[in-house]
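The following exercises are to be worked through with the sequence and the structure at hand. Each task is followed by a solution in steps.

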Amino acid sequence: MKKLQKINNKSFLYLILFLFLTSLISLKTLKKVNIQDIRISGSELFSQNDLVNNSSLKLPRRLIFIKTNFLEKELKQNLSLKNVSVNRELFPFGLKVQVNTRTPIAYGEKILDEEKILGFIDKDGIFINRKNVDEKNLNKLTIQVFGWKEKFKKTLSEILIAQEDYEFEVVKITFSTNGFLTIEEKDLKTILLGFNPSLIKNQLQIINNLKNEFKKNNFSEKIANIDLTDPNKPKIKVFKP
């Protein structure tokens, strides 16, 4: 009988504890999040105000009503982040935001509403606004990109990544207002690539082959430009003496 009473007492205590924790969690989720309840990790570049100002999040707001998935998408887009994770937490109370920034490998320039905007480009061809980059260690960047648009990022990425495997050294990439692509290579000078992004892999392979060939023959100093708009019929224009 005493043993049964002990079991009942223990069960009652567990029930009380369960109800207490349930009530505490419910109260916590209904508690309003303020800006000081946002904790950021992964970068010191962004402040709590940056996260609020670059999203639709309005504070104070009850924790349970914050749409973390939607908030992640907004911050990734507006702050040019590679990745971002937003989690609701009860202990300690608030939002935990883990950010993964992009690494610039080129200077960038784009035109938005007839205004020139300066920034940087990463290896995925993504444009990064200057305010979203730590500029302390950018003195080694040697590539410039002009005329960036969202639709050019895939082609741009292929050029930037190809440099890691090929011998050529691109110093400038330019998209004209109508989308014509031109690049400047350190030794081969101006290379015309044209409008067709589906040709870029073939064009880059040809550039690499030409660079290797011209290095052997020391011919590149005489080149005015190379036309690869039709990769099957490359045209090389040289300076006339």
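**Exercise 1. Two aromatic pairs**

Phe-127 has a relative accessibility of 6% and therefore counts as buried. The model in which this residue is examined is a predicted one.

Task: Classify the ring pair formed by Phe-127 and Trp-148, and state which parts of the chain the pair links.

Solution.

Step 1. Trp-148 has a relative accessible area of 9%; because buried means under 20%, this residue is buried.

Step 2. A pair of aromatic rings is described by the distance of the centres and the angle of the planes. For Phe-127 and Trp-148 the centres are 5.5 Å apart and the planes stand at 40°. Stacked requires under 30 degrees and edge-to-face over 60, so the pair is tilted.

Step 3. Phe-127 belongs to strand β8 (residues 127–129), while Trp-148 lies in the loop between β9 (144–146) and α4; the pair links distant parts of the chain, 21 residues apart.

Task: Carry out the analysis for Phe-180 and Phe-195.

Solution.

Step 1. The ring centres are 5.1 Å apart and the planes are at 85°, an edge-to-face pair.

Step 2. Phe-180 sits in the loop between β10 and β11, and Phe-195 in the loop between β12 and α5, so the pair ties together parts 15 residues apart in sequence.

Step 3. Phe-180, at 22% relative accessible area, is partly exposed, whereas Phe-195, at 51%, is exposed.

**Exercise 2. Helix α3 and its sheet**

Task: Determine which face of α3 is buried and what covers the buried residues.

Solution.

Step 1. In α3 (residues 68–78), the buried residues are Thr-68, Leu-71, Glu-72, Glu-74 and Leu-75.

Step 2. Viewed down the axis of α3, these buried residues fall within an arc of 165°, so they line one face of the helix.

Step 3. Exposed residues on the face turned away from the buried side of α3 are Asn-69, Lys-73 and Gln-77.

Step 4. The cover over the buried residues of α3 includes α2 (48–53), β4 (81–90) and β5 (93–101). α3 lies across β4 and β5 and runs at about 150° to β4.

Task: Describe the sheet that contains β4 and β5.

Solution.

Step 1. The sheet is open, has three strands in the order β2-β5-β4, and shows mixed pairing.

Step 2. β2 (38–41) and β4 are the edge strands, each with a single partner, so one side of each has no neighbour in the sheet.

Step 3. β4 and β5 pair in the antiparallel sense over nine bridges; Val-84 has Val-99 in β5 as its bridge partner.

**Exercise 3. The nonpolar cores**

Task: Identify the residues with the most contacts inside the largest nonpolar core, and the element that gives the most to it.

Solution.

Step 1. The largest nonpolar core has 30 residues, and Ile-173, Ile-183 and Ile-207 have the most contacts inside it.

Step 2. Elements giving two or more residues to this core include β7 (115–122), β10 (170–175), β11 and β12 (189–194). α5 gives the most, with six residues.

Step 3. Another core, of 19 residues, lies apart from this one; among its members are Ile-38, Leu-51, Leu-63 and Phe-93.

Task: Is Thr-182 buried or exposed, and which residues does Thr-182 touch?

Solution.

Step 1. Thr-182 is found in strand β11 (residues 181–185). At 18% relative accessible area, Thr-182 is buried.

Step 2. Leaving out residues up to four places away in sequence, Thr-182 touches Lys-172, Ile-173, Thr-174, Thr-190, Ile-191 and Leu-192.

Notes
Residues are numbered from 1 along each chain as its sequence is written. This is a predicted model: local features need pLDDT of at least 70, side-chain atom pairs count only at pLDDT 80 or more; totals for chains, interfaces and linings use all residues. Side-chain values use heavy atoms; hydrogens and water are left out. Helices (H or I, at least four residues) and strands (E, at least two) are DSSP runs, numbered from the N terminus. Buried means under 20% relative accessible area, exposed over 50%, partly exposed in between (1.4 Å probe, protein chains only). Contact means heavy atoms within 4.5 Å. A nonpolar core is a set of buried Ala, Val, Leu, Ile, Met, Phe, Trp, Tyr and Cys residues joined through side-chain atoms within 4.5 Å. The arc is that of the directions from the helix axis to the C-beta atoms. Two strands pair if DSSP finds at least two bridges between them. Axes are lines fitted to C-alpha atoms, for helices over the stretch in contact, and angles run from 0 to 180 degrees between N-to-C directions. Rings of Phe, Tyr and Trp (its six-membered ring) pair if their centres lie within 6.5 Å; planes under 30 degrees apart count as stacked, over 60 as edge-to-face and the rest as tilted.
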